[in-house]
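Q: Please take a close look at the strand pairing in this model and at what lies around it. Give the cut-offs for the terms as they come up.

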Amino acid sequence: MIESYDITIIGGGPAGMFAAFYAGMHNAKTQVVESLAELGGQVNALYPEKTILDVAGLPAIRGRELIAGQRQQLEQFPLTIKTGQAVTNVSQNENGFTVTTAQETTQTRAVIVAVGNGAFTPRKLNVENAEQFTNHQLFYSARNLEKFRNQEVMVAGGGDAAIDQALMLAPVAKAVTLLHRRSQFRGLAHMVDLLEQSPVKVVTPFLISGLQETANGALDVTLKTVGGSGELAHQTVDKLVVSYGFTADHQALDAWDVDLAEDHRLIAVDSTMATSVAGIYAIGDGVMYRGKQPLIATGYGEAPVAVQAIMTNFFPDRRGPVHSTSLTPKQ
Ligand SMILES: Cc1cc2nc3c(=O)[nH]c(=O)nc-3n(C[C@H](O)[C@H](O)[C@H](O)COP(=O)(O)OP(=O)(O)OC[C@H]3O[C@@H](n4cnc5c(N)ncnc54)[C@H](O)[C@@H]3O)c2cc1C
């Protein structure tokens, strides 16, 4: 017999986690299915050490602390959390939907799709021998700051993520160089201001064209000017963090039997977060509507809307305003 749920939340990033919390408040039998080994989505996987400044009521909170707080919120309810399971198919049946992962098949009345940008992977450094240095001297995210303590570090990239990584590393590393192929940074003005006030040394307009290990295990990075004469330069660093953004893999969604209306890989939703398929709702970075902002705060706002719509439409006997004051906080 296959296990049956009221609500299945696909994706355990901040939006999916908060939807699970709200589903718990409504006493809905809920499962969260997350493909990564840990909950927390982009926040946990990409910038756990970053200080987040734009979550209401929390003037400054590190990524990992925000996710730990969300996890603690979930512990108040008997939710089923499944990590390390990518949803490979969602198909409709007379009682709702069948949800398939490599490990199992479950039944659900309603679905909340909270898959962000899909299964994302970092854009790799396009240098012949990059693979041999990966996870030794070359990283695609500075997840564990201790690895970089008192080290000479180079961060390559020009977006918010690259600036974030450089700013995060500055207080622990011996020195941080931020390398970008253009003279202007793509990052938010606020981030660029922070960069200018920081001890991070900015080197532009250069690209990485070669890597060589030095006798003492450091990395000799060959830099090439972009355009013009293609002049070469060298810098030796202990660690290199390449932050060229991510490529999103939406293939999982494409392979699902249910056909969700998408525009530029984003799921179209109405003001109740309902998709084109009755019973499937979508929230977080993976959705699209007029004025949508891909931010944590936006996903947090969308989560209760989707859960409330599901309760109203599918469990009218259990709907009604729910306030967190009815909960006994766990210490
Ligand atoms: C470097 C960086 C800095 C940022 N800084 C900020 C900031 O300061 N403030 C802010 O508000 N926002 C910030 N953001 C954006 C913020 O992280 C996102 O808006 C937020 O993570 C979106 O949450 P989400 O739950 O919608 O998606 P995600 O965090 O992407 O989570 C989606 C989850 O779904 C899982 N998933 C995908 N496909 C499947 C599948 N088929 N089966 C099972 N699971 C699946 C993924 O593994 C992932 O864990 C930043 C983003 C980056 C990259």
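A: Strands (E, at least two residues) and helices (H or I, at least four) are DSSP runs, numbered from the N terminus. Two strands pair if DSSP finds at least two bridges between them. The model is predicted: local features need pLDDT of at least 70 and side-chain atom pairs count only at pLDDT 80 or more, while totals for chains, interfaces and linings use all residues. Residues are numbered from 1 along each chain as its sequence is written, and side-chain values use heavy atoms, with hydrogens and water left out.

Strand S7 is a convenient place to start. A hairpin joins S7 to S8 through three residues, and S7 also forms a hairpin with S6, with two residues between them. Strand S6 covers residues 87-93, and its pairing with S7 is antiparallel over six bridges. Strand S8 spans residues 105-113 and runs antiparallel to S7, to which four bridges join it. Thr100 of S7 takes part on both sides: Asn89 stands opposite Thr100, and in S8 the bridge partner of Thr100 is Thr105. Five of the six residues of S7 (residues 96-101) are buried (under 20% relative accessible area with a 1.4 Å probe, protein chains only; exposed is over 50%, partly exposed in between), so S7 is largely enclosed by the rest of the structure.

From S8 the pairing continues to strand S1. Six bridges join S1 to S8, and these two strands run parallel; Ile7 has Ala110 as its bridge partner in S8. S1 is also parallel to strand S2 (residues 30-34), with four bridges between them, and Thr8 stands opposite Gln31 in S2. Strand S1 (residues 4-10) is largely enclosed by the rest of the structure, because six of its seven residues are buried. Strands of a sheet pair through backbone hydrogen bonds, either parallel or antiparallel.

The nonpolar packing can be described next. A nonpolar core is a set of buried Ala, Val, Leu, Ile, Met, Phe, Trp, Tyr and Cys residues joined through side-chain atoms within 4.5 Å. The largest such core has 59 residues, and those with the most contacts inside it are Val90, Ile112, Val113, Trp256, Ile280 and Ile283. Helix H1 (residues 14-25) gives the most to this core, with nine residues. Ile283 is in contact (heavy atoms within 4.5 Å) with Ala15, Gly16, Ala19, Ile112, Val113, Ala114, Met273, Glu302, Ala303 and Ala306, leaving out residues up to four places away in sequence. Apart from the largest core lies another, of 22 residues, among them Ala142, Phe148, Ala170 and Val200.

There is also an open sheet of five strands, with the order S10-S17-S11-S12-S13 and parallel pairing. Its edge strands, S10 (138-139) and S13 (201-203), each pair on one side only. Strand S12 (residues 175-179) is parallel to S13 over three bridges, and Leu179 has Val203 as its bridge partner in S13.

After S13 comes a cis peptide bond, between Thr204 and Pro205, with omega about -15 degrees; Pro205 lies in the loop between S13 and S14. Pro205 is also among the contacts of Lys224, together with Phe206, Leu207, Ser209, Gly230, Glu231 and Leu232, neighbours within four places in sequence being left aside. Lys224 belongs to strand S15 (residues 219-225) and is partly exposed, with a relative accessible area of 39%. Its C-alpha atom is separated by 5.2 Å from that of Leu207, which is 17 residues apart from it along the chain.

Leu207 leads to the second largest pocket, where it is listed with Gly157, Arg181, Arg186 and Tyr244 as nearest the centre, out of 17 lining residues. Strand S14 (residues 206-213) gives the largest share of this lining, three residues.

Two loop residues by S10 can be added. Asn135, in the loop between helix H4 (130-133) and S10, has a positive phi of about 70 degrees although it is not a glycine; at 57% relative accessibility it counts as exposed. Asn150, in the loop between S10 and strand S11 (152-156), likewise is not a glycine and has a positive phi, of about 60 degrees. Asn150 counts as exposed at 53% relative accessibility. Most residues other than glycine have a negative phi, and most peptide bonds are trans.

Key
1 Å grid on protein atoms, 1.4 Å probe; cavity = no way out; pocket = protein on both sides within 12 Å on 5 of 7 lines; lining within 4 Å.
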